[in-house]
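Please look over the sequence and structure shown here, and then read the short report that follows on how the parts of the chain are arranged.

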Amino acid sequence: QKSFKKWRLFPISAKKIFQEFDICLSSSTKSSKYLKILGAKKIRFIGNLKFTESENNKDFLNNSLKKFFLSKKVWCASSTHNLEERICANVHKKLKNKHKNLITILIPRHIDRTEEIINEIKKLNLKIHLHNSRKKIDKDTDIYLVNSFGQTKSFFKICKTVFLGGSLINHGGQNPLEAARFGCKILHGPHVWNFEEIYNLLRKNNVSSKITTQNKLTYKVDKMLNNKSNNKNL
């Protein structure tokens, strides 16, 4: 949508360029419509390639860490951006007295922001543990911060509830399919236009829910933590 709006500023140039393609393969019906408006002659809708799965399924969590998480009430905030980490930490702070064994797994989109995130969380007087640290994890840890790449799947395996970031801010959302594959219930904000058709499919099948504020996120996480049923059959 963002790219389409920019191309629309130069309609003559766009038409000259897009009509030169022999074929355009689109990932969504909306993209097909945009390509047609921009001048593409032959368009074929093939679907979103993110529905394919070709990565390895290696588990990066050792047995002691798995055992620790199994002894807790766990939810995960994944692919978070600036401001969203603080929102999720505040959700944890509101719920920790109600759920005594609560731990929040935080997986930021950009791990180069680790120090900035640590400082934000410390201001809330929450205990934080870094995934890459060699220290023994404290049983009173509030936030488990994943400061490494490529290990998201391992955490989706142990979570029932996942908030997908880039959606409470004006970013466009992040791909929810990986979390859905592991049977997680997905929460997201209103800004998910990058994956609009995928989120529509998930909502239609009662896999994802839209939230718009910190209070609504708190309510939804609380409700899901109270749900005794196992969502892994999704």
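## The pairing of S3 with S4

In this predicted model, valine 74 stands opposite isoleucine 103 in S4, and threonine 80 stands opposite proline 108, which also belongs to S4. The two strands S3 and S4 run parallel and are joined by seven bridges.

Both strands are covered to a high degree by their surroundings: seven of the eight residues of S3 are buried, and S4 is largely enclosed by the rest of the structure, because seven of its seven residues are buried. From S4, the side pointing one way carries Leu102, Thr104, Leu106 and Pro108, while Ile103, Ile105 and Ile107 point the other way, and all of these residues are buried.

## The sheet as a whole

S3 and S4 belong to an open sheet of seven strands with parallel pairing, in which the order is S5-S6-S4-S3-S7-S8-S9. At its edges lie strand S5, residues 128–130, and strand S9, residues 208–210, each of which pairs on one side only. From one strand to the next, the twist averages 20°.

At the S9 edge, strand S8 (residues 185–188) runs parallel to S9 and is joined to it by three bridges; here histidine 188 has lysine 210 in S9 as its bridge partner. Helix H5 packs on the sheet, where it touches strand S3 (73–80), strand S4 (102–108), strand S6 (143–145) and strand S7 (161–164), and the direction of H5 makes about 175° with that of S4.

## H5 against H10

Two packed helices are described by the angle between their axes and the distance between the axes. For helix H5 (residues 84–95) and helix H10 (residues 214–226), the axes come within 9 Å and cross at roughly 55°, and the two helices are therefore oblique to each other. The crossing in which H5 passes H10 is right-handed.

On the H5 side, the contact involves Ile87, Cys88, Asn90, Val91, Lys94 and Leu95, which meet Gln214, Asn215, Leu217, Thr218, Val221, Asp222 and Leu225 of H10. By character, the residues of this contact between H5 and H10 comprise seven nonpolar, four polar and two charged ones.

## Two residues with positive phi

Most residues other than glycine have a negative phi. Serine 79, although it is not a glycine, has a positive phi of about 55°; this serine is found in strand S3, and with a relative accessible area of 12% serine 79 falls under the 20% limit and is therefore buried.

Asparagine 206 likewise is not a glycine and has a positive phi, of about 60°, but its setting is a loop, the one between helix H9 (196–204) and S9. Asparagine 206 is exposed, because its relative accessible area of 52% is over the 50% limit.

## The chain overall

The protein chain has 10 helices and nine strands, and along its principal axes the C-alpha trace spans about 60 × 35 × 35 Å. Of the 234 residues in the protein chain, 46% are buried. Among the contacts in the protein chain with a separation of 6 or more, 61% are between residues 24 or more positions apart.

Notes
Residues numbered from 1 in each chain as written. Predicted model: local features only at pLDDT ≥ 70, side-chain atom pairs only at ≥ 80, totals over all residues. Heavy atoms only, no water. Axes fitted to C-alpha atoms, helices over the stretch in contact; angles between N-to-C directions. Helix = DSSP H or I, 4+ residues; strand = E, 2+ residues; numbered from the N terminus. Parallel < 35°, antiparallel > 145°, perpendicular 65-115°, else oblique. Left-handed = near helix turned anticlockwise from the far one by under 90°. Contact = heavy atoms within 4.5 Å. Nonpolar A, V, L, I, M, F, W, Y, C, P; charged D, E, K, R; others polar. Pairing = 2+ DSSP bridges. Buried < 20%, exposed > 50% of the residue type's maximum accessible area, 1.4 Å probe, protein only.
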